[in-house]
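Hi,

Here is the structure I promised to pass on. Have a look at it first, then read my notes underneath.

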Amino acid sequence: MSLLLLQIFNGLSLSSILLLIAIGLAITFGLMNVMNMAHGEFIMIGAYMAYLVQKWFQSYMPASAFGWYFVVSLGVAFVVAFAIGWLLEVVLIRFMYGRPLDSLLATWGVSLALQQIARSIFGAPNVAVKAPQWLEGGWHVTADLILPYKRLFIIGLVALCILIIYLYLYHSAGGRRMRAVMQNRQMASCLGISTRRVDAQSFAFGSAMAGIAGCALSLLGPIGPTIGTYYIVDAFMVVVLGGIGKLIGTVAGALGIGVFNTALEYTTSATLGKVLVFTLIIAFLQWKPMGLVTMRSRSLD
């Protein structure tokens, strides 16, 4: 029973990480059809913000306040990634709408530039972020089952992010405008909605969610300029499997990939399990090319 519970927890933990890195891409890719290959670099930005806030707390704050640095770093990562995402949309992305291949190449170039900037500022070697004391250790469920506090915190953080995004999309004026532009851009523009402003806000918000993901990933291991490249393929995989433009589809896609990946890796090996997951996704998309959940509308771009 302990082994079964551990495998279920590992599946949920991996699903939460995949969902956290993909939720921002689901917003930008689903709304604007922009293939943002620089999404992984916004994850990197969030991770480095956690590192900088940690260094600042170690240098200028009393030792008793060090435990709060990670909470502060989440807010800093969100703000910095949001600002850089808004700037990138204004300078480059808004000229790439309706040109998916051009946006792919352009954002890939941006990702290389951001990686080089990170190497110039922080150096090529990886750096470590020390978890606060209240995230060390684990919850002793049974004598044989210990659930790490770091993983539990990430699961709770993902649940909070999903709740906030849901409330914003379905219970706020800004969310209604975003969904209107997603479903019918021309009609939304005719009704007076500034689609350009909605695009900028959406891209910046998706980038900010990637920043939070990077901040959370800094708890799990060392960070470096190429940390985002390890997750960008998984992020696109979750979004495509879940269905473009649907929040519930992204959640279902991340949950399915995480659970199946954990189960297959346990029964086979890490490499073979990954190959089998990719094979199952390809076979599923042959059956349902639009993903698990499809958007229904009278008119889509």
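Below is what I found, going from the core to the helices and then to two single residues.

First, the ground rules: this is a predicted model, so local features need pLDDT of at least 70 and side-chain atom pairs count only at pLDDT 80 or more, while totals for chains, interfaces and linings use all residues. Residues are numbered from 1 along each chain as its sequence is written, and side-chain values use heavy atoms, with hydrogens and water left out.

Start with the largest nonpolar core, which has 80 residues. By nonpolar core I mean a set of buried Ala, Val, Leu, Ile, Met, Phe, Trp, Tyr and Cys residues joined through side-chain atoms within 4.5 Å. Buried is under 20% relative accessible area, exposed is over 50%, and partly exposed is in between (1.4 Å probe, protein chains only). Ile223 and Ile257 touch the most other members of that core. Not counting residues up to four places away in sequence, Ile223 is in contact (heavy atoms within 4.5 Å) with Ala47, Tyr48, Tyr51, Asn126, Val127, Val129 and Ser218.

Now the helices, which are DSSP runs (H or I, at least four residues) numbered from the N terminus. Helix 2 covers residues 39–60, and 16 of its 22 residues are buried, so the rest of the structure largely encloses it. Its end C-alpha atoms are 32 Å apart, which agrees with the expected 32 Å; the expected span is 1.5 Å times one less than the number of residues.

Helix 5 (residues 149–171) has 23 residues and reaches 32 Å from first C-alpha to last, close to the 33 Å expected. Its buried residues are Ile154, Leu157, Val158, Cys161, Ile162, Ile165 and Leu169.

His171 is also in helix 5, but this residue is exposed, with a relative accessible area of 54%. Leaving aside neighbours within four places in sequence, His171 contacts Tyr166 and Arg176. The C-alpha atoms of His171 and Ala131 are 35 Å apart, although only 40 residues separate them along the chain.

Lastly, Lys288 sits in the segment after helix 11 (270–287). Lys288 is partly exposed, at 31% relative accessible area. Its C-alpha is 9.7 Å from that of Gly243, and the two residues are 45 apart along the chain.

Shout if anything is unclear.

Cheers

Methods. Helix = DSSP H or I, 4+ residues; strand = E, 2+ residues; numbered from the N terminus.
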